[in-house]
Structures are given as structure tokens and as C-alpha cells.
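Hi everyone, thanks for coming. Let me walk you through a structure that is new to most of you, and please keep it in view while I talk.

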Amino acid sequence: LKSTSLLNPSLYPRLTLVLQSLMSIAVGGEALLKATPEYYVDTCGVPFVLPLARLLGCRTACYVHYPVISTNMLRRVRQRKEMYNNRSTGALTSFAKTAYYKVFALLYGCVGSFAQVCVTNSSWTRGHVRDIFWRKFWWQQEPTAPSPSTVFPPCNTEELTEIPLKSGARNLKKPIILSIGQFRPEKDHALQIEAFALALRQAEGSGSNLRAIAHSRLVLVGGCRTEEDARRVEGLRQMARDLGLSDQQCEFHVNVPYSKIKDLLSRAVVGIHTMVDEHFGIGVVEYMASGVIAVANNSGGPAADIIAPVHGQATGYLASTAEEYASALVNALCISDREREKMQVAARTSIQRFSEKSFDDGFVGAMDGIF
């Protein structure tokens, strides 16, 4: 498509959400006019094309991975809560940003209602889509848009489930705490390093029950897309040193092949995840499939769908603050072998919900609404 370049967010340093969304109409319009389909299913997060598709006579559906805007985002802007995507501003600027996001949320909700079938990838996403997408227009007496459903994304974990839960590769006396995720700001690797340093301090001068923590190491694995990401890694290295962590205690592996990641999953004891409002959390699923005890953020998909008890048996840990993460790391590393194995088995059992077959059956069933 000749107009694809219009979707590049760097073209719109201001009003990025609105302008990029409006340009998606031009790109989608070019595609639809070249080959108008009978069914139009948006899986790329460009809902502003949905009204045009309906106008051209298409039956429409959408599979939402992550809402373009969420009620959480609106609340943070209104409360002026500083995050990687919401810099601290004055009261007037904050008021303007809140108004801008509210107007965009109205537009997003309006165009989303043109989907005759709406499927989301997690309970967290479904909740936000349900809150924002319009169920009916003001002139209608009854809702015409269906309530969104959830079909978990397919997670190909067959190879990982073949990793033995108990093996000599998992050194419980010198355990690996593994982090897998691109070195992007939203992954919040700084929180992982801070929590690990806190856990080590808790182990100082303690008895033999915390010895595993004192001898543990944090291994961060991820991809660097740009020079900015590379500078972020160097900043994280320096942060670790400032907290008193040696290069042996806090390792970084950048842009490594999958074979290396699989090897680390077979040797790690605990896996850590710190992204707030992760829409699903495939990385957490991979920890659980591999027999790695997951310590994930108490928000989004990990909290709502993934780290859920199986017949009363816990499948992992949830945390929000550095202190909570440090406590969870201590607990995960210090539980008995029997309790660890029970948690591993329960976790591996629970992820069967996220198989490719479950996705195929669920997605095809959801699309019956337009076929």
C-alpha cells in the first residue's frame, strides 16, 4: 500500500493518537477500495477503519490485543501519576491532556461499536473495551453492539513443557532469577533490579533458610531495537552497580538466540515480570510452562487470567512494589522442594487454557457471529 508510511508515529510528535488513528482511515480505505472483502476482521488495532468497512458492505469483527486507550490511562492522566508514558505536568497541562484523552476515548468507543463481533485477548482487555466501546447510539433504544468476549492468544509452549520440572540443571543452591522481555521502558527492569537488591539485603546475616537468596543471581534477557534501548541497558547496568550488585550477580544478555533463552528457562528457578497493565503476558505463560516459578505484576492479564489457583493450589506470585517483589522472590526461592513441585505442576496444568487448539476453537466460535 502506498499510504502505509502515514502510520509512522514519528510523523506526529503532537496529538499522536488522534492523527495516527485518522491516517489509518486513509490506509485502510486504500486497501478496502483495492479489494473490498465480504468479511473484515481487524487484528492490528486500527478500529477507525471499521465504520468505513461497514459503509462498504463488509461484515466486521475485531480481535483486540490492547485497547488504544483505557480507563486506567485516563485515571493516571487525571491524577497526574508519573509513568513512562505520562510525564509529570502542571495542573493546566494535565487538564488539557485529560480533556484530549476523554475526547479520543469517545471517538475510540464510537468506531469500536461498528464491530459486529468483538473479541479480546484477556479479561483485562475485555473490561476496558466493555467500558469504552459504545453498545448503542443515542437514538437507539436497545444495544446493537454485542458484548465483547475473550479468546486467549495461542501460546506455543509444547517444547517448553518437555523441560523436566526437577533436574540437576536447576541449581537450587545458586538459583537463577530470570527476566525475559525487550528492554523497553514499560517493562520496568529497574524495579526488578531494585527488588533483587532488597531481597539480597534481607538475606544478609540470615540463617541457612535464606542462603539460596544470598547466592542467587538476576539474569536479564531481552532485545534492543534502537540506540535508545542500548543506552537504557547501560543505565540499568550502572543502576545495578550503584545498588552494590556485581556483574556476576546481575547479568545482561542482549539479542540472544531462542536456543539460549530456552537453555536459561531450563535452568532458572524463578522468573520475574514487572510490566504494569500487561494486556496478556505470554512471557509469564512461558515461565510456567518451563517449570519456572513466576513472580508477576499484580495487574493486567497476569493477575486477571494467568496466575490463577488450580483447585486451591497457587501457580505463582503477584506483586506491585519493590518491597512486595522482594518478599515474593524470598518466598519463591525458600519454599520446600515439595511445595515448589506442587506449584510447578499446577502452573503447567493451568496453561493448557492457552494452547493453539483452544485459540482456534474459541476464535472460530466467536466469528460465527458474522459468518
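Let's begin where α10 meets α13: these two helices make a left-handed crossing. Helix α10 covers residues 282-290 and helix α13 covers residues 337-350, and their axes come within 7 Å, crossing at roughly 125°. Angles over 145 degrees would count as roughly antiparallel and 65 to 115 as roughly perpendicular, so α10 and α13 are oblique to each other. Who makes the contact? From α10 we have Met288, Ala289 and Ser290, and from α13 we have Ala347, Arg348 and Ser350. Sorted by character, the residues in this contact of α10 with α13 are 3 nonpolar, 2 polar and 1 charged.

I should say right away that this is a predicted model, so please keep that in mind as we go on.

Let's stay with α10 for a moment. Which residues of α10 are buried? They are Val284, Val285, Tyr287, Met288, Ala289 and Ser290. You will recognise Met288, Ala289 and Ser290 from the contact with α13. But α13 is one of several partners here: the buried residues of α10 also pack against β5, α9 (258-267), β8, β9 (293-297) and α11. Right after α10 comes Gly291, and the phi of Gly291 is positive, near 85°.

Now for a residue on the other side of α10 in sequence. Asp277 is in the loop between β8 (270-272) and α10. The phi of Asp277 is near 60°, a positive value in a residue other than glycine. That deserves a second look, because most residues other than glycine have a negative phi. Is Asp277 buried or exposed? Asp277 is buried, with a relative accessible area of 5%.

There is another aspartate to put beside that one. Asp188 also has a positive phi, near 55°, and again this is a residue other than glycine. You can find Asp188 in the loop between β5 (176-180) and α6 (189-203). Asp188 has a relative accessible area of 30%, so Asp188 is partly exposed.

Let's move to a second pair of helices, α3 and α4. How do α3 and α4 pack? Their axes are 8 Å apart, at an angle of about 165°. Since angles over 145 degrees count as roughly antiparallel, that is the word for α3 and α4: roughly antiparallel to each other. The crossing of α3 with α4 is left-handed. On the α3 side the contact is made by Leu74, Val77 and Arg78, and on the α4 side by Ser94, Lys97, Thr98, Tyr101, Lys102 and Ala105. These residues divide into 4 nonpolar, 2 polar and 3 charged.

One of them is worth pointing at, and that is Thr98. Thr98 is in helix α4, residues 91-112. Thr98 has a relative accessible area of 12%, and under 20% counts as buried, so Thr98 is buried. Setting aside its neighbours within four places in sequence, Thr98 is in contact with Val77 and Arg78.

Next stop, helix α5. The buried residues of α5 are Trp124, Thr125, Gly127, His128, Val129 and Ile132. What covers them? The cover includes β2 (59-64), α3 (71-79), α4, β3 (117-120) and α11 (300-306).

Let's zoom in on Thr125, which is found in α5, residues 123-132. Thr125 is buried, with a relative accessible area of 0%. Which residues does Thr125 touch, not counting those up to four places away in sequence? Thr125 touches Val64, His65, Tyr66, Pro67, Thr120 and His279. And for a sense of distance, the C-alpha atoms of Thr125 and Gly235 are separated by 32 Å, with their positions 110 residues apart along the chain.

To finish, let's step back to the whole protein. It has 14 helices and 10 strands. Its radius of gyration is 23 Å, close to the 21 Å that the globule rule gives for 371 residues, so the protein is as compact as a globular protein of that length. Taken along the principal axes, the C-alpha atoms fill a box of roughly 70 × 50 × 40 Å. Buried residues make up 47% of the 371 residues. And among contacts between residues at least 6 apart in sequence, 70% join residues at least 24 apart.

Note on methods
Residues numbered from 1 in each chain as written. Predicted model: local features only at pLDDT ≥ 70, side-chain atom pairs only at ≥ 80, totals over all residues. Heavy atoms only, no water. Axes fitted to C-alpha atoms, helices over the stretch in contact; angles between N-to-C directions. Helix = DSSP H or I, 4+ residues; strand = E, 2+ residues; numbered from the N terminus. Parallel < 35°, antiparallel > 145°, perpendicular 65-115°, else oblique. Left-handed = near helix turned anticlockwise from the far one by under 90°. Contact = heavy atoms within 4.5 Å. Nonpolar A, V, L, I, M, F, W, Y, C, P; charged D, E, K, R; others polar. Buried < 20%, exposed > 50% of the residue type's maximum accessible area, 1.4 Å probe, protein only. Rg over C-alpha atoms; globule rule 2.2 N^0.38 Å.
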